[in-house]
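Got the viewer open? Load the model and keep the selection box handy.

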Amino acid sequence: MKILKYHHMKDYSNMKIGGIAKELIIVEKKEELKDIIGERENVFLIGNGTNTLLNDAAIDKTFVSLKNFTQIKELGNGLVEVEAGLSFDKLIDFMEENNYSGLENLSGIPGSVGGMVYMNGGAYGTEIFDCIEEIEVLDENLEIRRLKKEDIHFTYRKTEIQEKKWIVISTLFKFKSGFDKLKVQEIKEKRESRHPLDMPNLGSTFKNPEGYFSAKLIIEAGMQGYSVGDAQISEKHPNFIINRGNATFDDVNKLIKIVKKKVKENSGVELQEEIIIVER
Ligand SMILES: Cc1cc2nc3c(=O)[nH]c(=O)nc-3n(C[C@H](O)[C@H](O)[C@H](O)COP(=O)(O)OP(=O)(O)OC[C@H]3O[C@@H](n4cnc5c(N)ncnc54)[C@H](O)[C@@H]3O)c2cc1C
């Protein structure tokens with residue numbers, strides 16, 4: 001493993017906001033995780049940082065990165081084991097090369113496979129759990145275990161992995177055959193036309209409350225384009241907050257609070273953050 005003391009974390013969040021962390025550990029072997037987690041308090045597993053807002057002050061945490069865990073193993077019969085640090089777009093590339101189908105609707109999501117599994121990431125009617133058979137985790141007792149999908153609770157953007165603070169090491173997927181290239185093209189075009197991809201952002205800021213779309217609630221509350229400092233509710237997609245250049249952690253947090261208040265006043269609906277906020 002590689003231990004980087006007092007590491008600047010700005011480039012570890014897609015929002016391009018982040019202060020100096022106590023340490024960042026780049027893990028090389030899964031067995032190292034037991035000691036890393038067992039010997040420390042206040043540990044945060046960072047994936048591609050595409051859903052995580054980091055404080056820009058000193059962060060009293062050990063960040064752990066599995067970015068070197070990128071292996072893909074084919075086991076036959078459409079079973080494919082994928083390590084957690086692999087970028088999800090690389091998995092889509094692999095599926096295309098090997099004519100596997102099942103996750104095309106999720107193409108263009110910039111997270112890691114581990115981050116996607118942790119959040120049960122999804123889009124356009126598909127969730128990553130749809131294609132999962134088993135997950136290998138480091139559990140709360142520091143045991144490396146393989147869990148079958150039917151033994152894991154999961155729902156919309158929520159999994160038992162979050163509650164139990166498990167670390168996803170690898171995931172066994174079951175794919176059908178017949179990669180749908182046209183679907184991927186169509187989804188990528190949709191994303192490019194709807195999302196503010198030219199600015200740092202963390203995707204959807206809020207979960208969609210049951211029966212509502214957060215973006216619509218935000219527009220109806222008159223908050224589209226509203227900004228605090230350089231943090232702005234995107235004009236293009238009002239459930240995205242963009243960093244126009246020098247947004248601070250406080251700017252983003254203030255903006256989130258204001259939007260929640262305005263939406264509550266306007267529609268009575270309570271928005272809940274989808275993004276993960278690392279305070280200190
Ligand atoms: C432009 C854009 C579009 C997006 N579109 C979508 C979308 O359509 N659908 C969607 O669901 N999301 C979307 N997202 C959000 C984000 O990409 C996903 O939530 C993704 O799953 C986060 O993965 P990550 O590796 O970046 O996680 P991070 O932001 O690094 O971490 C998120 C959480 O996952 C945990 N985590 C990460 N890796 C592991 C692991 N190996 N084990 C345990 N915990 C782990 C972290 O501790 C943290 O709590 C979008 C983001 C952006 C920027």
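Here is a short tour, from the ligand outwards to the nonpolar cores.

This is a predicted model, so local features need pLDDT of at least 70 and side-chain atom pairs pLDDT 80 or more, while totals for chains, interfaces and linings use all residues. Numbering runs from 1 along each chain as its sequence is written, and side-chain values use heavy atoms, with hydrogens and water left out.

**Stop 1: the ligand.** Select the ligand and its surroundings (a heavy atom within 4 Å): 35 residues show up, with Leu45, Gly47, Thr50, Ser112 and Gly122 the closest. Now look at the ligand's oxygen atoms for polar contacts (N or O pairs within 3.5 Å). A side-chain N or O atom of threonine 50 sits 2.6 Å from a ligand oxygen, and a backbone N or O atom of glycine 49 is 2.8 Å from one. Serine 112 brings a polar side-chain atom to 2.6 Å from a ligand oxygen.

**Stop 2: the shell.** Which element gives the most residues to the shell? Select α3 (a helix here is a DSSP H or I run of at least four residues): α3 gives five.

**Stop 3: the largest core.** Nonpolar cores join buried residues (under 20% relative accessible area, 1.4 Å probe, protein chains only) through side-chain atoms within 4.5 Å. The largest has 42 residues, and Leu91, Leu103, Ile128 and Phe173 have the most contacts inside it. Colour α2 next: its five residues are the largest share of this core. A separate second core of 23 residues includes Ile17, Leu53, Ile233 and Leu255.

Terms used. Polar contact = N/O pair within 3.5 Å; in protein donor to acceptor, adjacent residues only side chain to side chain. Helix = DSSP H or I, 4+ residues; strand = E, 2+ residues; numbered from the N terminus. Buried < 20%, exposed > 50% of the residue type's maximum accessible area, 1.4 Å probe, protein only.
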